[in-house]
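Visitor: Please take me through a single part of this model at close range. Start with the whole chain, then go residue by residue.

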Amino acid sequence: ISAWQKKSTEVNELFKLWKTIGPAQKKQNDEIWNRFKGSMDTFFISKKEFFSKLKEQQIENYNRKLQLCIEAEALVDSKEWKKATDSIKKLQEEWKKIGPVPKRHSDKIWKRFRSACDAFFTNKSEHFSGIKGVEEENLRLKRELLERIKAFELTANRSENMETIKGFQREWMAIGFVPMK
């Protein structure tokens, strides 16, 4: 883009210089003017085509990024943490590969996408931080159960002993997960 701007300035400077030089001999003046004007016209037509294609590409990029926003927003409330995390990361990678969008939409579309991604990761973080509290409570309950198991004294009735032990097993499983450490 800056190369086009630089060349536009150069062409405009040449035109200003052209006007200061004055006309050539009458029979060559029209031919020289037509060649010069033709070169300027060719340049500005090429420039217009370039920026027209650039604008079309930016609109296409905008539409692609808009679709990514919609897909990210659909994942915000997902509880399938692994699958949704992988999907969000893929969307972020795809976002990076898409080129620029029209400037007037750039900040708005970026904020929309970023906000959907942030909302998902905030939900995920809150979910797993809540689990830590539950897991700590589970650890406390399992420690209490271990103390009860240690305090349990076998009786002469094997059947009752087995039922009590199975009860301890069921209770252990029902308590749930403890912190990984």
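Guide: Start with charge. The chain carries 38 positive and 27 negative side chains. The centres of these two sets are 8 Å apart. This is a predicted model. Its mean pLDDT is 90, and 99% of the residues reach at least 70. Confidence varies by element. Helix H3, residues 81-97, has the highest mean at 96. Helix H1, residues 2-21, has the lowest at 86.

Now the overall layout. The chain has 5 helices and 0 strands. In sequence order the pattern reads α-α-α-α-α. The C-alpha trace spans about 130 × 20 × 20 Å along its principal axes. The radius of gyration is 36 Å, whereas a compact globule of 181 residues would be near 16 Å. Buried residues make up 21% of the 181. The exposed surface comes to about 14000 Å². Carbon and sulfur atoms supply 56% of that surface. Sequence separation matters too. Take the contacts between residues at least 6 apart in sequence: 73% of them join residues at least 24 apart.

The part to look at closely is helix H4. It covers residues 103-151. Three of its residues will serve: Lys132, Glu135 and Asn138.

Take Glu135 as the centre. Its relative accessible area is 19%. The cut-off for buried is under 20%, so Glu135 counts as buried. What does Glu135 touch, leaving aside neighbours within four places in sequence? The partners are Phe177, Val178 and Pro179. Ile175 gives a distance for the same residue. Glu135 and Ile175 are 40 residues apart in sequence. Their C-alpha atoms are 9.3 Å apart in space.

Next, Asn138. This helix H4 residue is buried, with a relative accessible area of 9%. With neighbours within four places set aside, Asn138 is in contact with Ile175, Gly176, Phe177 and Val178. Phe177 and Val178 appear on the contact list of Glu135 and on that of Asn138.

Lys132 reads the other way. Its relative accessibility is 56%. The cut-off for exposed is over 50%, so Lys132 counts as exposed. Met180 is the residue to pair with Lys132 here. The two are 48 residues apart along the sequence. C-alpha to C-alpha, they are 9.8 Å apart.

So much for helix H4. Two residues elsewhere give points of reference.

The first point of reference is in helix H2, residues 26-75, which holds Asn63. Is Asn63 buried, exposed or partly exposed? At 43% relative accessibility, Asn63 is partly exposed. Val101 is 38 residues from Asn63 along the chain. Their C-alpha atoms are separated by 8.8 Å.

Then turn to Ser8, in helix H1. Ser8 is buried, at 6% relative accessibility. Not counting residues up to four places away in sequence, Ser8 touches Phe43, Phe44 and Lys47. Keep in mind that helix H1 is the element with the lowest mean pLDDT, 86.

Back to helix H4 for the summary. Glu135 is buried and sits at 19%. Asn138 is buried at 9%. Lys132 is exposed at 56%. Glu135 contacts Phe177, Val178 and Pro179, while Asn138 contacts residues including Ile175 and Gly176.

Conventions
Residues numbered from 1 in each chain as written. Predicted model: local features only at pLDDT ≥ 70, side-chain atom pairs only at ≥ 80, totals over all residues. Heavy atoms only, no water. Helix = DSSP H or I, 4+ residues; strand = E, 2+ residues; numbered from the N terminus. Rg over C-alpha atoms; globule rule 2.2 N^0.38 Å. Buried < 20%, exposed > 50% of the residue type's maximum accessible area, 1.4 Å probe, protein only. Contact = heavy atoms within 4.5 Å. Areas by Shrake-Rupley, 256 points an atom, 1.4 Å probe, with all protein chains shown as cover. Lys, Arg positive; Asp, Glu negative; His and termini not counted. Charge placed at Lys NZ, Arg CZ, Asp CG, Glu CD. pLDDT = per-residue confidence, 0-100.
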